[in-house]
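Student: Could we go through this structure together, asking each time what justifies the words we use for it?
Tutor: Gladly. Let us put it on the screen and begin.

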Amino acid sequence: ACRQALALTPDHAEALINLGTLAQNRQAQAEARENFERALRARPGHVEARFGLAETAIAAGQIDEGRALLAGLIAENPRNWAARWLDLVGLPLVHASPAGVDDERERFMSRLDDLARDVERYLSEDKAAIVEAVNFRTNFYFHYLGGDVRATQERYGRLIARIAAAAYPAYARRKAVKRKGGGPIRVGFASSFFYSHSVMKSHAGWIQGLPRERFDIVLRSEEHTSELQSRLHLVCRLL
């Protein structure tokens, strides 16, 4: 549909941006970049095209270029939450030196504090945009910095929890744990990684280590690959 639109209007910026986003979803970064650049030539200064180009640059490891684009977007609109969130979590996978690792850690913490302050200030007004930005991506590459990241992760977690509580207040209220006749507490684990995945290699102990006399364990897995049988074998071993 986008290509049909471009056949009629070759400089249709929205069609080009949509094609760029679709290319990103396929990890075709060069194709995505080409479409975003075409959109910018068609409509200079287009916010979505610049953001898409920044995201593509960061995904390709061109961190400085991506951050420069994000800095421009944030300077124009400090409440561009998607840009601010990507500026926080868009970290390099490989660092040139130990000093670079320290600089990235300090940068992350500084931006995290700034975000927490501004989110608290604008959450009631910009809730939908903030929630969308948080859903955009996680701080996955922060852990590649190494060292003791627990304190920073706790600060990050408090920010996520604050946003989630505003978005879903009914689920933010603590509920009393009910046990019939003093029986074991029922604990559920939901994941799409109940198979030979790195997540289960590192986290299966959370399930295996719970004493069965105190906890009743329930697992829920969403199956959408051909690895159903291997996942079921793992579930059986866990239980």
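**Reasons behind the labels**

Tutor: Let us start with contacts between residues at least 6 apart in sequence: 60% of them in this chain join residues at least 24 apart. Keep in mind that this is a predicted model.

Student: How do you know how far to trust the chain, and what is its mean pLDDT?
Tutor: The mean pLDDT is 88, and 90% of the residues reach 70 or more. Over residues 225-239, however, the pLDDT is below 50, although this stretch has 23 contacts in the model beyond near neighbours in sequence. Where pLDDT is low, the predicted coordinates should not be read in detail.

Student: What makes up the chain in terms of helices and strands?
Tutor: There are eleven helices and two strands. Along the sequence they follow the pattern α-α-α-α-α-α-α-α-α-β-α-β-α. Of the 239 residues, 36% count as buried.

Student: Why is helix 6 described as largely enclosed by the rest of the structure?
Tutor: Because eight of its nine residues are buried. The cut-off for buried is under 20% relative accessible area, and the residues of helix 6 that meet it are Trp 81, Ala 83, Arg 84, Trp 85, Leu 86, Asp 87, Leu 88 and Val 89.

Student: Which helices do the buried residues of helix 6 pack against?
Tutor: They pack against helix 4 (47-59), helix 5 (63-76), helix 7 and helix 8. For helix 5, Arg 67, Leu 70, Leu 73 and Ile 74 meet Ala 83, Arg 84, Leu 86 and Asp 87 in helix 6. The axes of helix 5 and helix 6 come within 9 Å and cross at roughly 145°, and this crossing is left-handed.

Student: Which residues have the most contacts inside the largest nonpolar core?
Tutor: They are Trp 85, Leu 88 and Val 119, in a core of 23 residues. Helix 6 (81-89), helix 7 (98-136) and helix 8 (150-167) each supply at least two residues of this core, and helix 7 gives the most, with eleven. Leu 88 touches Phe 108, Arg 111, Leu 112, Leu 115 and Tyr 156, leaving out residues up to four places away in sequence. A second, separate core has 14 residues, including Ala 15, Ile 17, Ala 28 and Leu 53.

Student: Why is helix 7 called roughly parallel to helix 8?
Tutor: Their axes come within 10 Å and cross at roughly 10°. Angles under 35 degrees count as roughly parallel, so helix 7 is roughly parallel to helix 8. Their crossing is right-handed.

Student: How do you know whether Thr 152 is buried or exposed?
Tutor: Compare its relative accessibility, 7%, with the 20% limit: the value lies under it, so Thr 152 counts as buried. Thr 152 is found in helix 8. Its contacts, leaving aside neighbours within four places in sequence, are Phe 108, Met 109, Leu 112 and Phe 142.

Student: And what about Gln 27, is that residue buried or exposed?
Tutor: Its relative accessible area is 61%, and exposed means over 50%, so Gln 27 is exposed. Gln 27 is found in the loop between helix 2 (13-25) and helix 3 (29-42).

Student: What makes the phi of Gln 27 worth a remark?
Tutor: The phi is positive, at about 60°, although Gln 27 is not a glycine. Most residues other than glycine have a negative phi.

Definitions and conventions:
Residues are numbered from 1 along each chain as its sequence is written. This is a predicted model: local features need pLDDT of at least 70, side-chain atom pairs count only at pLDDT 80 or more; totals for chains, interfaces and linings use all residues. Side-chain values use heavy atoms; hydrogens and water are left out. pLDDT is the predictor's confidence in each residue, from 0 to 100. Contact means heavy atoms within 4.5 Å. A nonpolar core is a set of buried Ala, Val, Leu, Ile, Met, Phe, Trp, Tyr and Cys residues joined through side-chain atoms within 4.5 Å. Buried means under 20% relative accessible area, exposed over 50%, partly exposed in between (1.4 Å probe, protein chains only). Helices (H or I, at least four residues) and strands (E, at least two) are DSSP runs, numbered from the N terminus. Axes are lines fitted to C-alpha atoms, for helices over the stretch in contact, and angles run from 0 to 180 degrees between N-to-C directions. Angles under 35 degrees count as roughly parallel, over 145 as roughly antiparallel, 65 to 115 as roughly perpendicular and the rest as oblique. A crossing is left-handed if the near helix is turned anticlockwise from the far one by less than a right angle, and right-handed if clockwise.
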